[in-house]
Amino acid sequence: MKANAQVDGDNNLIEPKRAQRNLSVMQLVDAALAGEEGVLTSTGALRALTGEYTGRSPKDKFIVDEPSIRSQIDWNNNKKLAPEYFQRIYAMVMDYVREHDMYVFDGFAGADDKYRVPIRVINQYAWHNLFAQQLFICPTNEELAKHCPQFTVIDIPELKADPEVHGTNSEAFIIISFEKRVVLIGGTEYAGEMKKSVFSVLNCLLPSQGVLPMHCSANVGKDEDVALFFGLSGTGKTTLSADPERFLVGDDEHGWSDRGIFNFEGGCYAKCIDLKEEKEPQIWGAIKFGSVLENVALHPETRVADYADSSITENTRAAYPIEHIPGAVVPGIAGHPNVIVFLTADAFGVLPPVARLTKEQAMYHFLSGYTSKLAGTERGVTEPEATFSACFGAPFLPLSPGVYAEMLGEKVESHNARVYLVNTGWCGGPYGVGRRIDLDYTRAIITAILNGSIEESGFTADEVFNILVPETVEGVPDRLLQPREAWENKEEYDARAADLAARFADNFTKFTDVSKEVRSAGPKTK
Ligand code: ATP
Ligand code: MN
């Protein structure tokens with residue numbers, strides 16, 4: 001195959017009318033400004049607005065129902081698109097590409113060269129191409145010369161689907177074809193769709209190579225101890241992995257092979273609502289030239305970002321290369337995890353801020369993937385609501401959750417990783433009554449987990465949630481560690497806790513294929 005010629009699964013050449021290939025950051029910023037796609041902020045970042053879609057649009061995401069992949073995909077958890085519909089939408093996309101100037105980025109998904117997937121991203125917008133360059137892994141000049149894409153993302157926000165003609169849910173579409181080896185995106189300008197659809201692709205391709213794909217952040221300590229932070233959107237993966245005392249591997253997506261862990265990406269995508277320099281100095285400092293700010297309000301004259309302004313959306317975002325974080329690990333490769341943290345943001349305020357999990361409890365909570373969805377990251381979510389999302393990433397899992405859970409169980413056991421459940425959500429009462437646990441307390445908890453001091457505490461059993469809760473953690477008031485103590489109204493606490501336990505049990509009934517040990521490791525219902 002000729003280098004640089006993009007060939008899809010059917011050997012069709014994908015050639016834009018005119019391709020602007022692998023432009024520099026400077027050139028892409030210039031192009032974005034010239035095309036009035038965005039403006040520079042006071043710190044030199046490029047600010048773009050995404051219009052109607054300010055978060056991912058899971059209802060508009062499809063996998064094409066193709067013979068070679070059909071039996072592998074978990075269709076309970078993925079929407080199928082019939083090949084006839086896909087052909088039509090693919091033809092429309094290809095016509096557009098052939099008739100327009102497009103920006104093209106060539107790079108990789110996966111920092112470990114044994115497992116990385118060469119990808120191409122073809123964009124209508126320069127700012128989306130800049131996002132791709134910052135979020136994915138950039139090739140060296142030698143790598144670029146030999147680059148041969150295995151998967152291509154074609155992202156054309158201007159192009160809209162017609163549900164009648166294309167079988168989509170709306171005019172927006174995010175469609176993965178494993179046979180054509182393409183991801184087609186249209187109708188939405190939210191840049192995060194690009195990174196999360198490539199994540200979905202890796203979640204499908206890597207397990208058969210013995211690599212566990214994970215929706216988690218990762219960092220490394222001075223002693224090369226590795227920590228993973230799993231969690232659904234808004235639970236703190238990006239925030240807590242940016243730790244001045246440790247080295248960042250990645251903030252969102254990693255693989256775990258028999259060589260250790262590796263980042264899928266080369267950049268970060270941080271929420272920036274209410275961002276404050278004192279609380280999150282590393283993320284604050286990363287928002288400079290080359291970074292992309294999505295939907296952040298700016299002062300009209302000074303263009304100083306107003307992170308407290310949620311008038312556009314709660315889900316404001318900053319995308320930046322990982323090199324913008326001091327001491328980041330490049331390339332993003334590290335050893336086997338010593339510590340695994342499951343982050344959850346419990347809006348009921350009944351889960352303890354931290355608990356130690358046995359292997360079986362870890363499997364139970366990994367499969368459950370509980371959190372309370374916070375406003376903004378997904379369309380239509382404006383109030384927090386309880387949600388269970390298998391493996392803390394169900395929207396990105398083409399295969400059945402059991403595949404990933406089994407791999408995690410084996411790896412946790414063979415590498416002896418300690419596992420904890422950390423509630424970064426509410427305490428002292430539910431959302432509206434209590435408040436979100438202070439970030440400084442959560443950081444103190446993470447520190448105690450990482451340095452092992454948490455293990456020196458006594459532990460008490462939480463009878464409802466069936467987990468062990470430490471009595472003391474340095475830097476955190478004892479009372480806060482026991483949520484029942486933190487609630488004024490104990491009866492209400494008991495009722496809410498029982499309600500959440502019942503929701504766990506109810507959700508878990510869908511996992512028919514798990515051992516008795518794992519099943520009984522969950523919360524206790526009356
Ligand atoms: P995504 O998958 O969407 O990228 P994420 O897990 O990376 O989500 P973050 O970007 O870290 O989530 O968002 C956590 C948000 O919650 C941040 O805005 C952070 O400032 C805020 N926050 C408030 N209190 C806490 C806490 N105790 N722990 C963690 N984050 C907190
Ligand atoms: Mn994140």
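**Ligand 1 and local geometry**

Student: How far does a backbone N or O atom of G234 lie from an oxygen atom of ligand 1?
Tutor: This is a predicted model, where local features need pLDDT of at least 70, side-chain atom pairs count only at pLDDT 80 or more, and totals for chains, interfaces and linings use all residues. Residues are numbered from 1 along each chain as its sequence is written, chains are lettered from A and ligands numbered from 1 in the order in which they are written, and side-chain values use heavy atoms, with hydrogens and water left out. A polar contact to the ligand is a pair of N or O atoms within 3.5 Å. For the backbone of G234 and an oxygen atom of ligand 1, the distance is 2.9 Å.

Student: Which residue has a backbone N or O atom 2.9 Å from a nitrogen atom of ligand 1?
Tutor: The backbone of L232 lies 3.5 Å from an oxygen atom of the ligand. The pair with a ligand nitrogen atom, at 2.9 Å, belongs to I437.

Student: What percentage of the area that ligand 1 exposes alone does the protein bury?
Tutor: Accessible areas come from the Shrake-Rupley method with a 1.4 Å probe. Taken alone, ligand 1 exposes 650 Å², and the buried part of that is 91%.

Student: Which element gives the largest share of the shell around ligand 1?
Tutor: The shell has 20 residues (a heavy atom within 4 Å of the ligand), and S233, K237, T239, E280 and R317 come nearest. Elements are DSSP runs: helices are H or I with at least four residues, strands E with at least two. Those giving two or more residues are α8 (237–241), β17 (267–271) and α12 (439–450). The largest share, 3 residues, comes from α8.

Student: How are α10 and α15 oriented to each other?
Tutor: The axes, lines fitted to C-alpha atoms over the stretch in contact, give angles from 0 to 180 degrees between N-to-C directions. Those of α10 (359–368) and α15 (490–508) come within 10 Å and cross at roughly 80°. Angles of 65 to 115 degrees count as roughly perpendicular. The two helices are therefore roughly perpendicular.

Student: Which residues of α15 make the contact with α10?
Tutor: Contact means heavy atoms within 4.5 Å. On the α10 side are Y364, H365, L367 and S368, and on the α15 side F504, A505, N507 and F508.

Student: What is omega for the cis peptide bond that joins V330 and P331?
Tutor: Most peptide bonds are trans. P331 lies in the loop between β21 (317–321) and β22 (333–334). For the cis bond from V330 to P331, omega is about -5°.

Notes
Parallel < 35°, antiparallel > 145°, perpendicular 65-115°, else oblique. Polar contact = N/O pair within 3.5 Å; in protein donor to acceptor, adjacent residues only side chain to side chain.
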